[in-house]
Amino acid sequence: MTVEKILAKLVSFPVLGGESNLSIIQWIQEYIESYNVKVNLVFNEKEQKASLHCRIGPEVDGGVILSGHTDVVPVVGQKWETDPFLLTDKNDGNLYGRGSCDMKGFIACCLVALPEMVKANLKKPIYLAFSYDEEIGCLAGSELAAAIKNFYKETPKYAIIGEPSLMEPIVGQKGIYILETYVQGSEGHSSRIKQEVSAIHESMRLILWLENKMNQLITDQQFDDRFHPPHSTIHIGLVKGGIAPNIIADKAHFFWDLRTIPMDDVNSILAEFETYCKEREQELKNICSDFSIKTVENHPVVPHLDTKDDADVVDLIKSISGKSKLNTVSYASEAGQFADEGFQSVICGPGSIAQAHRANEFIAKEQLEKGVEMLRKLIQKSSL
Ligand SMILES: [Zn+2]
């Protein structure tokens, strides 16, 4: 099968983040097993979704994990000129379809290179690791990285996350934390605002505190110039609460995210916020005895990626990608999750992030070729 045929097959599975991915994972499993490589699945609790991992080559330390996600983002409301789940060659050098670039293109490169990996006399192993639900917050990456670490007797050393980067190595990524804060106040007639505690008014105070915290980081020049913007950000994206202008809201909540540069410690920021919340609770208990503020982390953490320029994986990726400039990104990926398990990690894959998540997503054929070329070089290097 050619890389284009494999990609067409992968694109034909319309598996969105959050949905069961068993159809696509089963197809990939059968493909891999047809080359006599044993596949291992890591199911979610309800067994409707699975990540997959396998090893090609010997049971020795020092191998490379190639990581990708099998889910894609929705197409509803987007103006597609072609069927998004039918890979279309418009004869302009690009292949169009949802996921062509983010990131089934890289998975197709891995699968087309698989027979060569199997045939080569690998001295160091290569692992394939494909996850689900990446697009809704990297829900399966940590578990997959941990499963690989625990399953194999030997220890892989590197992870290459093939997110679209135009084949340029990416060594840094902000950490992403999604939080929900719930405020419990007391209801009443709006005229009694000084005798009750409005959950909305208190929420606004907390939101202002968070914005001030971000501004303070900027004033303190907590900058990492590899990122745009160079500082950590705090953003409140959703606020709910209240019924009517003349009713004091007893409940309110807000969703927010914190995107941290590697030098900022998320735990200390959250601890400071918690201290402020405790102060507010103390102060308002006299007016409203069950006043409370609760912040919960219902979304898995996407840890930052901070691979140092002199790490071995940087030499490796430079030599196989042919690109020496190191970049950073502000989007989420599973790279930090693999790094947290001790694998030296970089992002490097075919296609441009500029084409991801939008209508008429495409990957240039030339990028697919470059992706395969990189994997061929990896096979060569792993055979020495
Ligand atoms: Zn992606």
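What angles do the four donor atoms of the zinc ion make, and is the site regular or irregular? I found angles of 53 to 141° among the four donor atoms, and the site is irregular. I applied the rule that four donors are tetrahedral if all angles lie between 85 and 135 degrees, and square planar if opposite donors are over 155 degrees apart and all others between 65 and 115, anything else being irregular.

I note that the model is predicted: local features need pLDDT of at least 70, side-chain atom pairs count only at pLDDT 80 or more, and totals for chains, interfaces and linings use all residues. Residues are numbered from 1 along each chain as its sequence is written, and side-chain values use heavy atoms, without hydrogens and water.

**Zinc site.** I listed the donors (N, O and S atoms within 2.8 Å of the metal, or 3.2 Å for Na, K and Ca; water is not among the atoms, so sites may look incomplete). The zinc ion is coordinated at 1.9 to 2.6 Å by His 69 (NE2), Asp 102 (OD), and Glu 163 (OE) twice. Along the chain the donors follow the spacing H-x32-D-x60-E. His 69 lies in strand S3 (residues 64-69) and Asp 102 in the loop between strand S5 (94-96) and helix H3 (104-119), so that the pair, 33 residues apart, links distant parts of the chain. Helices (H or I, at least four residues) and strands (E, at least two) are DSSP runs, numbered from the N terminus. I found both His 69 and Asp 102 buried, which means under 20% relative accessible area, with exposed over 50% and partly exposed in between (1.4 Å probe, protein chains only).

**Strand S6.** I then examined S6 (residues 126-131), which is largely enclosed by the rest of the structure because six of its six residues are buried. Ile 126, Leu 128 and Phe 130 cover one side, and Tyr 127, Ala 129 and Ser 131 the other. Strand S2 (residues 50-56) pairs with S6 in the antiparallel sense over five bridges, pairing requiring at least two DSSP bridges. Ile 56 stands opposite Ile 126. S3 and S6 run parallel, joined by six bridges, and Leu 66 stands opposite Leu 128.

**Domains.** I took the bounds from an automatic or database domain assignment: domain 1 is 3-173 + 304-382 and domain 2 is 175-301. Their centres, taken over C-alpha atoms, are separated by 36 Å. In contact (heavy atoms within 4.5 Å) are 14 residues of domain 1 and 10 residues of domain 2.

Notes
Tetrahedral: all angles 85-135°; square planar, octahedral: opposite > 155°, others 65-115°.
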